[in-house]
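User: Please take a close look at a single part of this model and set out how it relates to its surroundings. I should like each term to be given with its cut-offs.

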Amino acid sequence: MARRPMMAANWKMNKTVREAEEYLAALTPRVEADAGDGEVDVAVFVPFTALGAVGRMAGDSSVMAGAQNFYYEDSGAFTGEVSVPMLLDLGVRAVITGHSERREIFGETDTLVARKTSRALTAGLLPVVCVGETKEERDSGGMWDKVSKQVRAVVEGLGENASSGEVADRLVFAYEPIWAIGTGDTATPDDAQDAARKVRDLLGELRGEEFADRVRILYGGSVKPENVGEIMARDDVDGGLVGGASLEAASFIELVAGARKGTV
Ligand code: PEP
C-alpha cells in the first residue's frame, strides 16, 4: 500500500522565537510550493517557547507544528508540564513521544510513552513514537528485545483505538538507534529497512496486516541530505526524523525534497 512519506525536524533545545520565525519564513513557502499537493507530510518539532509562533506561521499549511513533549493529563497539579489541550490551542498538529533523550535523560518509561501516545491519538494529533536500542544492546544481540518491548507497550496501550484505520494513518513510529543519534554514525540502509520491517511485522501480529500496512515508520539517526535518498529508497522506511541536519532551513528543505520519492 502507498504510504505518504514524512520528513520531520526535531530542533531539540535550540532556537529562540525570532530564529524559529526566520526558519518558518524560509521553509513554509518552499514546502507549499513543492509539496503543497500533499505528497509529503512535513513536521517541525520545536521547543515550547517557539510553539505559539510556529503554530501561527504554519497554520494549516503543509508544515505541521509539532511539540517535543507534553503530559497526558489535561490540567491540574503537574508543575512544569504542558497538556494536549494547551498544544491544540497553539495550533500544534503533531507530537514526539518516547524520544531516547526523554527516556534516557528524563526517565520516561514504556508505560508513560504508551499513555502519552494514546492521549495524543484521542486528541487527533499525529504522534511520532521513537524506539531504538543502545550500542551495548545492539552489540549483545538485544536490539529486537528492546525495540519490540517498546513497540508492544505502545500498541497494547492503545486499546480499542488501534483497530481503526484512521488511527493507523496517524500513528507513526521512528526507529532511532541511540548510537546513531547526533553521532554522525548512521545505520546502513539495510539495517534501517530490517528494523522497519520487523516493527511492521510485529504491528501485523498485534493488530492485523491492514493496520500494519498503514502505519508509517521513519528512520532517525544522523540523517542528512547526502544519505537521505538511499535510506528513503527502502520499502518499509517511510521517511526521516532529523535532529542536527534539520537546524538549518536550507538543509531541511533538501531533506524534504529527498523524502519525495513517489510511491513508498
Ligand atoms: C533526533 O533528534 O531524533 C535525531 C535523529 O538526531 P540526529 O539527526 O542529530 O541524529
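Analyst: Strand 1 pairs with strand 2 in the parallel sense, over 5 bridges. Two strands are taken as paired if DSSP finds at least two bridges between them; helices (H or I, at least four residues) and strands (E, at least two) are DSSP runs, numbered from the N terminus. The model is a predicted one, in which local features need pLDDT of at least 70 and side-chain atom pairs count only at pLDDT 80 or more, while totals for chains, interfaces and linings use all residues. Residues are numbered from 1 along each chain as its sequence is written, and side-chain values use heavy atoms, with hydrogens and water left out.

Within the pairing of strand 1 and strand 2, Met 7 stands opposite Val 42. Strand 1 is also joined to strand 8, by 4 bridges and again in parallel; there, Met 6 has Gly 239 of strand 8 as its bridge partner. These pairings belong to a closed barrel of 8 strands, with the order 1-2-3-4-5-6-7-8 and parallel pairing. From one strand to the next, the twist averages 25°. In general, strands of a sheet pair through backbone hydrogen bonds, either parallel or antiparallel.

Strand 1 is largely enclosed by the rest of the structure, because 5 of its 5 residues are buried; buried means under 20% relative accessible area, exposed over 50%, and partly exposed in between, with a 1.4 Å probe and protein chains only. Met 6, Ala 8 and Asn 10 point one way from strand 1, and Met 7 and Ala 9 point the other way. Such a pattern has a general background: in a regular strand the side chains alternate between the two faces of the sheet.

In strand 2 lies Asp 41, which counts as buried because its relative accessibility is 12%. Leaving aside neighbours within four places in sequence, Asp 41 is in contact (heavy atoms within 4.5 Å) with Arg 4, Pro 5, Met 6, Met 7, Met 64 and Arg 216. Asp 41 is also 9.2 Å from Ala 259 in space, C-alpha to C-alpha, although the two are 218 residues apart in sequence.

Elsewhere in the barrel, strand 5 (residues 126-131) and strand 6 (residues 172-175) run parallel and are joined by 4 bridges. Val 129 stands opposite Phe 173 in strand 6, and Cys 130 stands opposite Ala 174 of that strand. Helix 7 (residues 143-157) packs on the sheet and touches strand 5 and strand 6, its direction making about 165° with that of strand 6. Helix 12 (residues 249-259) also packs on the sheet, where it touches strand 1 (6-10), strand 2 (41-46) and strand 8 (239-242), and its direction makes about 155° with that of strand 1. For these angles, axes are lines fitted to C-alpha atoms, for helices over the stretch in contact, and values run from 0 to 180 degrees between N-to-C directions.

On its other side in the strand order, strand 6 pairs with strand 7 (residues 216-220) in the parallel sense over 4 bridges. The bridge partner of Val 172 in strand 7 is Arg 216, a residue that Asp 41 also contacts. Val 172 and Ala 174 point one way from strand 6, Phe 173 and Tyr 175 point the other way, and all are buried.

The empty space remains to be described. The structure holds 1 cavity of 30 Å³ or more, with a volume of about 40 Å³ for the largest cavity. On a 1 Å grid over the protein atoms alone, a cavity is a set of points where a 1.4 Å probe fits but cannot get out, and a pocket is an open set with protein on both sides within 12 Å along at least five of seven lines; lining residues have an atom within 4 Å of a point. Grid points are joined across faces, edges and corners, and a volume is the space filled by probe spheres set on the points. Among the residues that line the largest cavity are His 99, Arg 103, Cys 130, Gln 150 and Glu 176. Helix 4 and strand 5 are the elements that give two or more residues to this lining.

The largest pocket has a volume of about 390 Å³ and is lined by 15 residues, with Lys 12, Met 13, Gln 68, Arg 102 and Phe 106 nearest its centre. Helix 4 (residues 100-106) gives the most to that lining, with 4 residues.
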